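Reader: I would like a close look at one part of this model, namely the way its pieces are held against one another, and I would prefer a single connected account to a list. Please take me through it slowly.

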Amino acid sequence: MQKLYLPQLAVIDQIVDETADTKTFTMHFDNPHYNAEFRYLSGQFVEASVLGVGEAPFGFCSNPNRTGTFAVTVRAIGRVTRAMHAMHPGDLLGIRAPLGNHFPLQEVQGYDILFVAGGIGLPPLRSLIEPMLDMREKFGRFTILYGARTPADRVYKTRLEEWAQRKDLTLLQTVDVPDETWNGPVGVVTTLFERTHIDPAATVAFTCGPPVMIRFVIQDLLAMGFPEDHIISTLERYMKCGVGKCGHCAIGHKYICVDGPVFSWRQIKKLPER
Amino acid sequence: MPIIEKWLISKTHLFERLESLSREQTVIAPVRQSDGEVSFQPIRSADEITLEYVNELHPPKRFLQPVFEPLFTFNLGGARPQLTAAPPPSPQILFGVRSCDVQGFRHMDGFFSGAFKDDLYWQRRNQTTVISMACLQPADTCFCICCNGGPYLSDGFDLQLTDLGELFLAEVGSSKGAAIVQTCDRQSAGDKEERHRQALMQACDEKMIPTAYLAKAVIAITNQRVDEKLWEEMGLECFSCGGCTHVCPCCTCFEVLDHRETEKTGLRFRCWDSCQYAGFTREASGHNPRAQSKERVKRRFYHKLSFAYIQADGHPGCVGCGRCITVCQAFGLLDMAAVVKRIRREGQMVAE
């Protein structure tokens, strides 16, 4: 049977408003056996269907160690995402998952870890931050830098507060446009680099956010002396099939949906267009 | 090299056989239309088949990857949505496929395989018998001899026919091909027929002008040494009509869309798409990494000619059918033969 393109039904358990245009959907598969067997890795993604409207890809934002449910954070920006935002707990989505490659987790043990996230780039990184914190002792210094347009545009505000309380990690946040609630740094996320201590030779950096932000982050990391394969990012493209066949997400000879979305700068810089 | 059984079979007999097979399955063959054009169509009678044809403008890839193909239907009316996979395709025989298009099928076979095997494609493919026709009538745009695409093949077909007048030389490429030959009156083909075929193929080769030397373009594209100015020039010439990709036997890109037939029912389908359309890479945010047509033209030739793809596919993404030459609106400037010539003659940056 055509399993490749046929989604599994998933029930929405919870919908959380993150920002004015962004919500987090927690769900589980309707088929209990399928749900019990289902596993995924940080960095992988789902193709989510609103039947009759269409299908779109979203990175997992949940912790893969917590089986039974999974979550994606979705900004209402196109047809499918707007239809998702109109849904309620108990409604059904079609899900094809897990798709794509994943972040290195075992391979980066022993290193200092640096996360640089912008806006809605935090969700896919959260699916890596949380399993890393589950085994915090395996890593050195742990730093999360997060930039957003305004304080209200930050996702996971409760989680950010929890992280800020932790003594075993450093969380620095900045916004482009502050409001009366904000007494933290103002400016683009790269301005946070000078507020933290980073040892490039001993650190692996993970960055995700708008393409222009990623470009400047990588430029700065390289200038600091980061090795090319210690800079890990995700690439995004318009995507349809999620299995390397429809052709939309191809960059050079790589298909973001199967060869990615996770790439090191060493891999990205070889691509003929980026 | 597999040992290929060679037989001589009577034309009339094979045509009768195809006619009777058309009662059980779809038989698609070259048919002359009322306007004189020849196109591949389902037949019910052997009289409809013509052997006098230069290849059709539309490649037979549509019989393996339909222009429009349902993936599943949905019904949202009940307590739970019901998803039903599209019904399996029925068996079909493709008669008279040219060698270049058989090579195109093999390209598709490779592409739709791999870690994520496209079961929908393979269901159809496995139900298909390909009876190919060694080419005696190349168009003046043909360059299969530059691409290992013909005029005849040593494998890849179920049955390969060469027209020897009253008789076909029939070469068996698979058990499906053998099954058809076994039901026809036949006699073993010998050296004499083989020599006859060689002479015909030689004559066909000579009719073709080898216009598309791919090698230099492959090297330049692989090493990213094509002058950016040439892509810019080609971007200005391209109308982004997508014609080249639609007639290309090696192009397989598709779009996936949902369609509601009633408020509660509908289907998800895939349909042909083209990397030459501006919307192909446009994201919901409006960001478009290939907004300019020069980037899209570059993409098309990167996919067809870069070493990374040739290594993955085993061959360039061109079979030399020449259809892009016929269809291109840009005054003969952007088809495969023209582009490799332009890259060879003027498009390479000087090595630093």
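Author: Buried area here is the accessible area, taken with a 1.4 Å probe, that two parts lose on being put together, summed over both. With that in hand, and bearing in mind that this is a predicted model, we can begin inside chain B, where the area buried between domain 1 of chain B and domain 2 of chain B is about 1,600 Å², with carbon and sulfur atoms giving 66% of that area. On the domain 1 side, B:Leu57, B:His107 and B:Phe143 supply 40% of the area that domain 1 of chain B buries against domain 2 of chain B, which is more than any other three residues.

The two bodies concerned are domain 1 of chain B, made of residues 5–58 + 88–207, and domain 2 of chain B, made of residues 214–253 + 277–351. Their centres, taken over C-alpha atoms, are separated by 29 Å, and 19 residues of domain 1 of chain B are in contact with 19 residues of domain 2 of chain B. Between these two domains there are six residue pairs in polar contact, with both residues at pLDDT 80 or more, and the side of domain 1 of chain B that touches domain 2 of chain B has ten nonpolar, seven polar and two charged residues.

The count of salt bridges between domain 1 of chain B and domain 2 of chain B is one. B:Asp101 and B:Arg323 form a salt bridge in which the closest N and O atoms are 2.8 Å apart. B:Arg323 lies in helix H11 of chain B, residues 323–327, and this arginine counts as buried because its relative accessible area is 3%, where the cut-off for buried is under 20%. Apart from residues up to four places away in sequence, B:Arg323 touches B:Asp101 together with B:Asn55, B:Glu56, B:Leu57, B:His58, B:Pro59, B:Pro60, B:Val247 and B:Pro249. B:Leu57, then, appears both among the contacts of this arginine and among the three residues named above for the area they bury.

Chain A is also divided in two, into domain 1 (2–99) and domain 2 (106–234), and the centres of these domains, again over C-alpha atoms, are 25 Å apart. Here 16 residues of domain 1 of chain A are in contact with 15 residues of domain 2 of chain A, and the area buried between them is about 1,100 Å², of which carbon and sulfur atoms give 50%. Within domain 1 of chain A, the residues that lose the most area to domain 2 of chain A are A:Glu18, A:Thr19 and A:Cys61, together 35% of what that side buries.

Across this interface in chain A the rule finds one salt bridge, and the side chains of A:Asp134 and A:Arg66 meet in a salt bridge with an N to O distance of 3.1 Å. The two domains of chain A also share eight residue pairs in polar contact. Strand E1 (8–19), strand E2 (22–29) and strand E5 (70–75) of chain A each supply at least two residues of the side of domain 1 that touches domain 2, and E5(A) gives the most, with three residues. That side divides into four nonpolar, nine polar and three charged residues.

What remains is the meeting of the two chains, where 43 residues of chain B are in contact with 40 residues of chain A and the area buried is about 3,700 Å², with carbon and sulfur atoms giving 58%. The count between the chains is three salt bridges, and B:Arg80 forms a salt bridge with A:Asp30, with the closest N and O atoms 2.8 Å apart. There are also 22 residue pairs in polar contact between chain B and chain A. Several elements of chain B give two or more residues to the side that touches chain A, including strand E4 (68–75), helix H3 (119–126) and helix H9 (293–305), while the largest share, six residues, comes from E11(B). By class, this side of chain B has 22 nonpolar, seven polar and 14 charged residues.

One residue of chain A deserves a last look. A:His253 is found in the loop between strand E12 (250–251) and strand E13 (254–255) of chain A, and leaving aside its neighbours within four places in sequence, A:His253 is in contact with A:Asp259 and with B:Tyr302, B:Ala308 and B:Tyr309. A:His253 is partly exposed, with a relative accessible area of 31%.

Technical notes. Residues are numbered from 1 along each chain as its sequence is written. Chains are lettered from A and ligands numbered from 1 in the order in which they are written. This is a predicted model: local features need pLDDT of at least 70, side-chain atom pairs count only at pLDDT 80 or more; totals for chains, interfaces and linings use all residues. Side-chain values use heavy atoms; hydrogens and water are left out. Domain bounds come from an automatic or database domain assignment. Contact means heavy atoms within 4.5 Å. A salt bridge is a side-chain nitrogen of Lys or Arg within 4 Å of a carboxyl oxygen of Asp or Glu. A polar contact is a pair of N or O atoms within 3.5 Å; within protein, one must be able to donate a hydrogen and the other to accept it, and residues adjacent in sequence count only if both atoms are side-chain atoms. Helices (H or I, at least four residues) and strands (E, at least two) are DSSP runs, numbered from the N terminus. Ala, Val, Leu, Ile, Met, Phe, Trp, Tyr, Cys and Pro count as nonpolar, Asp, Glu, Lys and Arg as charged, and the others, Gly among them, as polar. Buried means under 20% relative accessible area, exposed over 50%, partly exposed in between (1.4 Å probe, protein chains only).
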